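Subject: Structure handover

Hello,

Here is the structure I promised to pass on. Please open it alongside this email, as the notes below go residue by residue.

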Amino acid sequence: LFRSKSMSQKQGRMGGFYLFVALIAIITSGAYLGNLINMGMVHAAFWLTLEPVAFMNDFASKFDLLVTTLPVTRLPSLLAIIVAIWLTRKTVLARNYWLGALVPVIFGLGLSLVYFLPMNNGFVAQSFTPGEARANLEFWFNLHWVRVSLSVVSCLFALLAFRETSLQTAR
C-alpha cells in the first residue's frame, strides 16, 4: 500500500512537470509564431512600400529589436519540445506528435541560420545595390511565409501531443 501511494505521488509530480513543460512548449511556440506573423504582416509589408535604401535604413534601425524577440521565444519552445519528447518516450503517439513539433522547428532554424541571418546582416550592412536589395527583400518576404508555415505546423503538432497526453491521462 505504501509503495503504490509513493508511485502515484511520483506520477503526479511527473504529470505536473510534464504539464509545465508542455505549456511552455505551446505558449512559447505560439509566441514565436506571433512574432513571425507580426514581422511579415507589419514590418515586411511596410518595408515593401519603401525605396530600397530607405528600407535598408529602417531595417538596420529595427533589426536589434526584431532579432531579440525570436530567440527569446524559439529557444524555450525548442528546449521544452525536446524535454516533452523525452517525457513521453514511452507513449508512442504523444512522442511522435512531439517529434512532429520538433521537425519544423529544426527546418525553421536551418532556414534562419543558412538564409535569414546572412541576408539580414546584408540588409543591416547595406551591402546590396538598390536593385539587389529590392529583389532580396521580395524573396525574403516570400521565404518568411515558409518559416511562418513551419511554425504553424509545429504549433499544431504540439497541441496534438498535449491533447494525446490529456486523453491518455483521462483513460
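Start with T28, which sits in helix α1. Bear in mind throughout that the model is predicted.

**T28 and S77**

Is T28 buried or exposed? Its relative accessibility is 13%, so T28 counts as buried. The cut-off for buried is under 20% relative accessible area. Beyond its neighbours within four places in sequence, T28 is in contact with T73, P76 and S77. V72 is worth a look too. T28 and V72 lie 44 residues apart in sequence, yet their C-alpha atoms are 8.6 Å apart in space.

Now turn to S77, a residue of helix α2. S77 has a relative accessible area of 0%, so it is buried. Its contacts, again leaving aside neighbours within four places in sequence, are A25, T28 and S29. Check A25 in particular. S77 and A25 are 52 residues apart along the chain, and 4.4 Å separates their C-alpha atoms.

**I81**

I81 also belongs to helix α2. I81 is buried, and its relative accessible area is 0%. Which residues does I81 touch, apart from its neighbours within four places in sequence? The list is A25, S29, W98, A101, L102, V105 and S154. A25 and S29 are on the contact list of S77 as well. For V105, the sequence separation from I81 is 24 residues, and the C-alpha to C-alpha distance is 9.5 Å.

**How α2 packs on α3**

I81 leads on to a helix pair. Two packed helices are described by the angle between their axes and the distance between the axes. Helix α2 covers residues 52-87, and helix α3 covers residues 92-125. What are the values for this pair? The angle is about 160°, and the axes are 11 Å apart. Angles over 145 degrees count as roughly antiparallel. That is why α2 and α3 are described as roughly antiparallel to each other. Their crossing is left-handed.

Which residues make the contact? From α2 come F55, M56, F59, A60, F63, R74, L78, I81, I82, A84 and I85. They meet R95, W98, L99, A101, L102, V105, L109, N120, N121, F123 and V124 of α3. The residues of this contact divide into 18 nonpolar, 2 polar and 2 charged. R74 in α2 and R95 in α3 are among those in the contact, as are N120 and N121 in α3.

**H43 and Q126**

Two more residues deserve a stop. H43 lies in helix α1, which spans residues 2-47. H43 counts as buried because its relative accessibility is 16%. Setting aside neighbours within four places in sequence, H43 is in contact with N38, K62 and L66.

Q126 is found in the loop between α3 and α4, and α4 covers residues 130-170. What is the sign of its phi? Q126 has a positive phi of about 50°, although it is not a glycine. With a relative accessible area of 33%, Q126 is partly exposed. The partly exposed class runs between the buried limit of under 20% and the exposed limit of over 50%.

**The whole chain**

Finally, step back. The chain has 4 helices and 0 strands. From the N terminus on, the order of elements is α-α-α-α. There are 171 residues in the chain, and buried residues make up 40% of them.

How much of the contact set is long in sequence terms? Take the contacts with a separation of 6 or more. Residues 24 or more positions apart account for 79% of these. The chain exposes about 9,600 Å², and carbon and sulfur atoms supply 72% of that area.

A good place to begin is the pair S77 and A25, with C-alpha atoms separated by 4.4 Å. Then move along α2 to I81 and its contacts W98, A101, L102 and V105, among others.

Best wishes

Conventions:
Residues numbered from 1 in each chain as written. Predicted model: local features only at pLDDT ≥ 70, side-chain atom pairs only at ≥ 80, totals over all residues. Heavy atoms only, no water. Axes fitted to C-alpha atoms, helices over the stretch in contact; angles between N-to-C directions. Helix = DSSP H or I, 4+ residues; strand = E, 2+ residues; numbered from the N terminus. Parallel < 35°, antiparallel > 145°, perpendicular 65-115°, else oblique. Left-handed = near helix turned anticlockwise from the far one by under 90°. Contact = heavy atoms within 4.5 Å. Nonpolar A, V, L, I, M, F, W, Y, C, P; charged D, E, K, R; others polar. Buried < 20%, exposed > 50% of the residue type's maximum accessible area, 1.4 Å probe, protein only. Areas by Shrake-Rupley, 256 points an atom, 1.4 Å probe, with all protein chains shown as cover.
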